[in-house]
Amino acid sequence: IGVKYSKNGDNEMAFKDILTTYRSEHKLTIPAMAKKIGVPQRTLENWLAGSRVPDELKQRMVKSILGIK
């Protein structure tokens, strides 16, 4: 993903947008992405919809698995 994800910068993206962009760029289905990051499909669906947001530690772990800084 070409955008730098800083905590306070102008380029900050919501976690759901980071996941959506990654999924789109890598052409992953929701089940495939959920398996890749080790969460239930419904959890990923909630994150993508923005109805739930994981805590900061979980977000960092997911970004690390996906290779996002």
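Author: Helices are DSSP runs of at least four residues, numbered from the N terminus. The structure discussed here is a predicted model.

Reader: How many helices and how many strands does the chain have?

Author: From the N terminus on, the elements of the chain follow the order α-α-α-α. The count for the chain is therefore zero strands and, by the runs that define helices, four helices.

Reader: In which helix does glutamine 59 lie?

Author: The helix in question spans residues 56-66. Glutamine 59 falls within that run, and its helix is α4.

Reader: Is glutamine 59 buried or exposed?

Author: The relative accessible area of glutamine 59 is 11%. A residue counts as buried under 20% and as exposed over 50%. Because 11% lies under the first of these limits, glutamine 59 is buried.

Reader: Which residues is glutamine 59 in contact with, leaving aside its neighbours within four places in sequence?

Author: One of these residues is proline 54, whose backbone oxygen lies 2.8 Å from a polar atom of the glutamine 59 side chain. With the neighbours within four places left aside, the full list is Phe15, Val53 and Pro54.

Reader: Where do the buried residues of α4 lie around its axis?

Author: The buried residues in α4 are Gln59, Val62, Lys63 and Leu66. Around the axis they cover an arc of only 100°, so they are on the same side of α4.

Reader: Which elements do the buried residues of α4 pack against?

Author: The face of α4 turned away from its buried side carries the exposed residues Leu57, Arg60 and Ser64. The buried residues, in turn, pack against α1 (15-25), α2 (30-37) and α3.

Reader: Which residue caps the N-terminal end of α4?

Author: A side-chain oxygen of the capping residue lies 3.2 Å from the backbone nitrogen of leucine 57. Just after α4, at glycine 67, the chain takes a positive phi of about 75°. The residue that caps the N-terminal end is aspartate 55.

Reader: Which residue forms a salt bridge with arginine 42?

Author: Side chains of opposite charge can pair when their charged atoms come close. The structure holds one salt bridge, and its closest N and O atoms are 3.0 Å apart. Arginine 42 and its partner are three residues apart in helix α3 (residues 41-49), and so are separated by about one helical turn. The partner is glutamate 45.

Reader: Does arginine 42 count as buried or exposed?

Author: Its partner glutamate 45, at 24% relative accessibility, counts as partly exposed. Arginine 42 has 53% relative accessibility, and therefore counts as exposed.

Methods:
Residues are numbered from 1 along each chain as its sequence is written. This is a predicted model: local features need pLDDT of at least 70, side-chain atom pairs count only at pLDDT 80 or more; totals for chains, interfaces and linings use all residues. Side-chain values use heavy atoms; hydrogens and water are left out. A salt bridge is a side-chain nitrogen of Lys or Arg within 4 Å of a carboxyl oxygen of Asp or Glu. Helices (H or I, at least four residues) and strands (E, at least two) are DSSP runs, numbered from the N terminus. Buried means under 20% relative accessible area, exposed over 50%, partly exposed in between (1.4 Å probe, protein chains only). A polar contact is a pair of N or O atoms within 3.5 Å; within protein, one must be able to donate a hydrogen and the other to accept it, and residues adjacent in sequence count only if both atoms are side-chain atoms. Contact means heavy atoms within 4.5 Å. The arc is that of the directions from the helix axis to the C-beta atoms.
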